[in-house]
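Here are some short exercises to work through with the model open in your viewer. Try each one yourself before reading its solution.

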Amino acid sequence: MRENRTQSVSRVYVPNEYAVFLSPADRESFASFESALKKELSDYLLEDARREGLVLVTRPQIAFKTDERLGLGEFGIQVVPAEAPPEEEGAPAPDPSNPPSASHTMVYAPDREEARRLVPSAVGSRALLVGAGRRTVLSPTPTVIGRSREADIVVDDPNVSRRHAQVRREGDGWVMRDMGSTNGVKVNGRRVEEAVLAPGDELTIGKSRLVFEVE
């Protein structure tokens, strides 16, 4: 809400439209009390805005949506930036041919301090793993990382299993899976068995570090 403030002549307006994206499993778990949760979130935003002296044009509207790219416990938030009402003195009249566009969807995970942007559709783009002095373009088929010479990305490290992990395309995103390795895989410093990757995520396999990028 605060990141999408709009300063008018004498007031600070904040968005009143919010979309909350959930993983399929999380959306299902909230289904029985989704309406109550929407009201609770709306009440919270309304009270917070009043406390901070921020102006809402209407009561906050919350919409829940499902996104297959999100993992369990992750959620995304997208807002439509506020516009000052035209009746306020000095405020420009809104241009009907150019309505405010929604913000980038920010994704939050319980174990991360910072938000990351939801990975945009990968159609027409290239995904890469960068590290160990090389840039490997990922193909639609699973890319295997391991010590074996038959792996797609060979990591010469005794701490790495022969077939340690794989990165594969799923829908419009990319997923990393541990293939039952002995020492595991860390994504951004946290050991995981599976993770949806976002640009800038760092994979630690043995002593090697690979960065996931999308061009």
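**Exercise 1.** In this predicted model, find how many residues of strand β13 (residues 173-178) are buried.

*Solution.* Select residues 173-178, which make up β13. Next, apply the cut-off: a residue counts as buried when its relative accessible area is under 20%. Five of the six residues pass, and the strand is mostly covered.

**Exercise 2.** Work out which strands pair with β13, and in what sense.

*Solution.* Start with β12 (residues 165-170): six bridges join this strand to β13, and the pairing is antiparallel. To pin down the register, take Ala-165, whose bridge partner in β13 is Asp-178. Then look at the turn: two residues lie between the strands of this hairpin, and Gly-171 has a positive phi near 65°. Now move to β16 (residues 194-196), which pairs with β13 over three bridges, again in the antiparallel sense. Here Met-176 has Ala-195 of β16 as its bridge partner.

**Exercise 3.** Put the strands of the sheet in order and explain why β11 and β16 each have one side without a neighbour.

*Solution.* Begin from β12 and find β10 (residues 143-146), its antiparallel partner over three bridges. Ile-145 marks the register, with Ala-165 of β12 as its bridge partner. The full order is β11-β10-β12-β13-β16, an open sheet of five strands with mixed pairing. Because β11 (153-154) and β16 stand at the edges with a single partner strand each, one side of each has no neighbour in the sheet.

Definitions and conventions:
Residues are numbered from 1 along each chain as its sequence is written. This is a predicted model: local features need pLDDT of at least 70, side-chain atom pairs count only at pLDDT 80 or more; totals for chains, interfaces and linings use all residues. Side-chain values use heavy atoms; hydrogens and water are left out. Buried means under 20% relative accessible area, exposed over 50%, partly exposed in between (1.4 Å probe, protein chains only). Helices (H or I, at least four residues) and strands (E, at least two) are DSSP runs, numbered from the N terminus. Two strands pair if DSSP finds at least two bridges between them.
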